[in-house]
Amino acid sequence: MRKLSAVIVLMFLLSGCKSDERILERLGMVQTSSYDLSEDQRLKVTSSIPVVNPESVSRRELLVVEADSIKEARLQFSRKTELFLVSGQLRNVLFGLNLTKAGLGNYLDTLMRDPSVALGVRVSIVDGDAGALLSKDYKQHADTGQYVDHLLEKEGGRNSIPQITLYEFSRDYNDDGIDPIAPIIKETEDHVVIEGIACFEQDRYRMKIPAADGMIFALLRGSLNQGEVALNLGEDGGRKRIVMFSSLGSQHKLKVIRSENSRFKVKISASIQGSVLEYTGSLRLQNKADRQELEKEISAKLSSEGNQMIRNLQQHHVDSLGIGQYVRNSLSYREWKSTDWNKVYPSVEIEFHPKVIIKDYGKYN
Amino acid sequence: MAEKLTPFHITILVYMTQSGIIIFTLPRQLAEYFGTNGWLFMVPCFVISSLNIYLISLVYHMGKGRSIFLILEQSISKVVLYPLYIGLSSVWLIFGCMIGKKYVLLFQMISFPTTNPMIFKLAIDLLALLLLTKGIYTISKATTVFFWVTIWMYLLLLGFIPNFQWVRLTPFIFKEGHDMVRGGLDIYTAFLGYELSLLYLPYMDHKKKSMRGVYAGNTILSVAYISFAFICFGFFSLGQLKKLLYPLLDLLAFIQLPFVERLENLLYGFFLFLILVTVVMYWWAAAESVQRILPRANISILCSILVGISFVVSYIPTTLDQVNTWIMYLSYAATGIAFGLPLLLVVLLLVQRKRRNSYA
């Protein structure tokens, strides 16, 4: 009797979830979505869904619509496919440059609100049309969405570009002392290339840091435990002097000093250690004095490039390094609130002081 | 010799009763009401709850471990007491029921958006009823198992340390908040649950330092809550934290292991154990009070009726907002009980002692 009643109760309870039943084969798990502003100021949404059917020739299904909002686009997608679309496996969202210039705030809001979208979804900007980049098939790669995802993951791990997910983007967007950033990619004939780092003022795109300077940006922004950078130290007897500084680790410190006329002075210091794997100049690395000379030269080069980058960021009113956070923390609450940081920021005196130590120089004299 | 609750079991029972549904929203509430470094507010909460437990321990020592019902009935007429018992049991019964309903609605939001929530509620209520009818000793043993099943989740906090930055904590204390008094009351309810230890008194082992178990349970909870809130304030920015309705769900969804991600549906299931114990203990307290009015009632039937009533009541609020409002008012009442009841008991015990002395 007891067993029977248990079975009846179970049957009753389990039947309850029928309306939320999900059959894997009938699900369309959106993996990458891109958003662009179309010519008539509407939202162009492109979504890439991996196809699991082994009989299908195509490895992915692409859906493109124009709509007024992200969720409206989803309704339109639904009318186009036999699959039940879900966003729980969304890994990557790409925003076209036009859209980022108009501001991402609303789209961020929609993505953050959806309980099925996790904070770990990668956010990237496309220089050009994001939908076109996602729609294109690249010969060597079966699935463009996955290709972009892996590319960003690998490069982000090496610190040449920042790893930006919804978590980081919305965190910095909602903080009053830092502006958000995101990697920026571009479509070329047969590849997707990392262009650099997109810097935002609030939710609007303002400027780009080229990929070659990504490492310097990373050094300015925080401590690192891996990365590599190639520096051009000028010419020596008609020969280019290139140094490749690798396996570098860096300790980052930021100090805010207030001068008498209550202007701010910020000192960013970075203590950098790494190996030299390539050097094409005339200094002899096995010689201690020469090595110290090279350390100084690298420091000076990093310093001048870093300082130039800081000026550039200040001119564009983007506090991508989060200087505001440190200034805020050096003030009393009342002082911070009476400071219009956006106005003050461009005139703050910011200096970068890197100190380079060559750990080793390879296995060849 | 009758079975007794050991201090270890009391510790776990108190901790598990206290940790409940509020953990899903706690960091956001702290950020919203108290602003910068809101997590610090948990420290005075811990002190106040410890003082409240001190009051309970006074009742325990002065009453020599007698049941609170015996103490009450010795001095107050049953005509007055019965409405009080009904009041106590109503608050506890519906409070437990609304906590269960909120868990169900959250679960529904993330996993089963169109399923009727009352089906899940029924499943949880049946589970709770099965546990409830077994009595406090079995509940405490089951709770110990649930404790080990869930406590490891605090280790997941370590995974958020790489993204933790001191600079986000800011040096400001309690700036950019609002309605701190109301917020304080709301947040204090996170600690509720220890007050039910008033009802454990007759089940405690008087030879052992049982009250220390209650303090220990409250301390474990405080340490867990404070570390959780602290990590949240350095992991999220303040503005972001204010916008995340359920920061815990976002944290769980952020966890990525090399072989699997989006674990939150799985992890969310573990919270059922925490909620289940909270619900069962509040219902147990309600049943204890009702039993005082109907001493001859069959305990299984009584519990079934109570759970049935609460199931019907849980039909009334249908949205998360409505449930939150119910929980808010009921938790104010439960906070009132947590302070008022032991105070009343201490006064009665003082009167009783004085009377005894004057007779002697």
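Which residues of chain A does UniProt list for "domain: Spore germination GerAC-like C-terminal"? The UniProt record, an unreviewed entry, gives residues 195-362 of chain A under that name. The model discussed here is a predicted one.

**Record and fold in chain A**

Over residues 195-362, chain A is 32% helix and 42% strand. The C-alpha atoms at the two ends of this stretch are 30 Å apart. The unreviewed UniProt entry also lists residues 20-186 of chain A, under "domain: Spore germination protein N-terminal". In that stretch the chain is 31% helix and 26% strand, with the end C-alpha atoms 39 Å apart.

**The two domains of chain A**

A domain assignment divides chain A into domain 1, residues 25-210, and domain 2, residues 222-365. The C-alpha centres of these two domains of chain A lie 32 Å apart. How many residues of each domain are in contact with the other? On the side of domain 1 of chain A there are 16, and on the side of domain 2 of chain A there are 23.

Between them, domain 1 and domain 2 of chain A bury about 1400 Å², and carbon and sulfur atoms account for 50% of this area. Within domain 1, the residues that lose the most area to domain 2 of chain A are A:Arg158, A:Asp176 and A:Met207, which together make up 32% of what that side buries.

Polar groups also meet at this boundary. Ten residue pairs are in polar contact across the interface of domain 1 and domain 2 of chain A, with both residues at pLDDT 80 or more. Two strands of chain A, β9 (192-201) and β10 (204-210), each supply at least two residues of the side of domain 1 that touches domain 2. By class, that side of domain 1 has six nonpolar, four polar and six charged residues. The count of salt bridges between the two domains of chain A is three.

**The interface of chain B and chain A**

In the contact between the two chains, 33 residues of chain B meet 34 residues of chain A. The area buried between chain B and chain A is about 2800 Å², with 59% of it given by carbon and sulfur atoms. On the side of chain B, B:Val167, B:Phe172 and B:Arg262 lose the most area to chain A, and together they supply 21% of what that side buries.

One salt bridge is found across the interface of chain B and chain A, along with nine residue pairs in polar contact in which both residues have pLDDT 80 or more. Four helices of chain B, namely α5 (78-110), α6 (117-132), α11 (238-243) and α12 (247-254), each supply at least two residues of the side that touches chain A. The largest share of that side, five residues, comes from α6(B). Sorted by class, the residues of chain B on this side are 17 nonpolar, eight polar and eight charged.

**Salt bridges**

Side chains of opposite charge can pair when their charged atoms come close. Over all chains, the count comes to 29 salt bridges. The table presents some of them.

| Acidic residue | Basic residue | Closest N and O atoms |
|---|---|---|
| B:Glu176 | A:Lys337 | 3.3 Å |
| A:Asp175 | A:Arg328 | 2.9 Å |
| A:Asp114 | A:Lys71 | 2.8 Å |

What does the pair of A:Asp114 and A:Lys71 tie together? A:Asp114 lies in the loop between α4 (105-113) and β7 (122-126) of chain A, whereas A:Lys71 lies in helix α2 (residues 70-78) of chain A, so the pair ties together parts that are 43 residues apart in sequence.

**A loop residue of chain B**

B:Tyr203 is placed in the loop between α9 (197-200) and α10 (210-235) of chain B. Leaving aside residues up to four places away in sequence, B:Tyr203 touches B:Lys4, B:Leu5, B:Ile136, B:Tyr137, B:Trp284 and B:Glu288. The C-alpha atoms of B:Tyr203 and B:Asp125 are separated by 25 Å, and these two residues are 78 residues apart along the chain.

Technical notes: Residues are numbered from 1 along each chain as its sequence is written. Chains are lettered from A and ligands numbered from 1 in the order in which they are written. This is a predicted model: local features need pLDDT of at least 70, side-chain atom pairs count only at pLDDT 80 or more; totals for chains, interfaces and linings use all residues. Side-chain values use heavy atoms; hydrogens and water are left out. Contact means heavy atoms within 4.5 Å. Buried area is the accessible area (1.4 Å probe) that two parts lose on being put together, summed over both. A salt bridge is a side-chain nitrogen of Lys or Arg within 4 Å of a carboxyl oxygen of Asp or Glu. A polar contact is a pair of N or O atoms within 3.5 Å; within protein, one must be able to donate a hydrogen and the other to accept it, and residues adjacent in sequence count only if both atoms are side-chain atoms. Ala, Val, Leu, Ile, Met, Phe, Trp, Tyr, Cys and Pro count as nonpolar, Asp, Glu, Lys and Arg as charged, and the others, Gly among them, as polar. Domain bounds come from an automatic or database domain assignment. UniProt positions are given in the numbering used here, feature names are shortened, and annotations may be inferred rather than shown by experiment.
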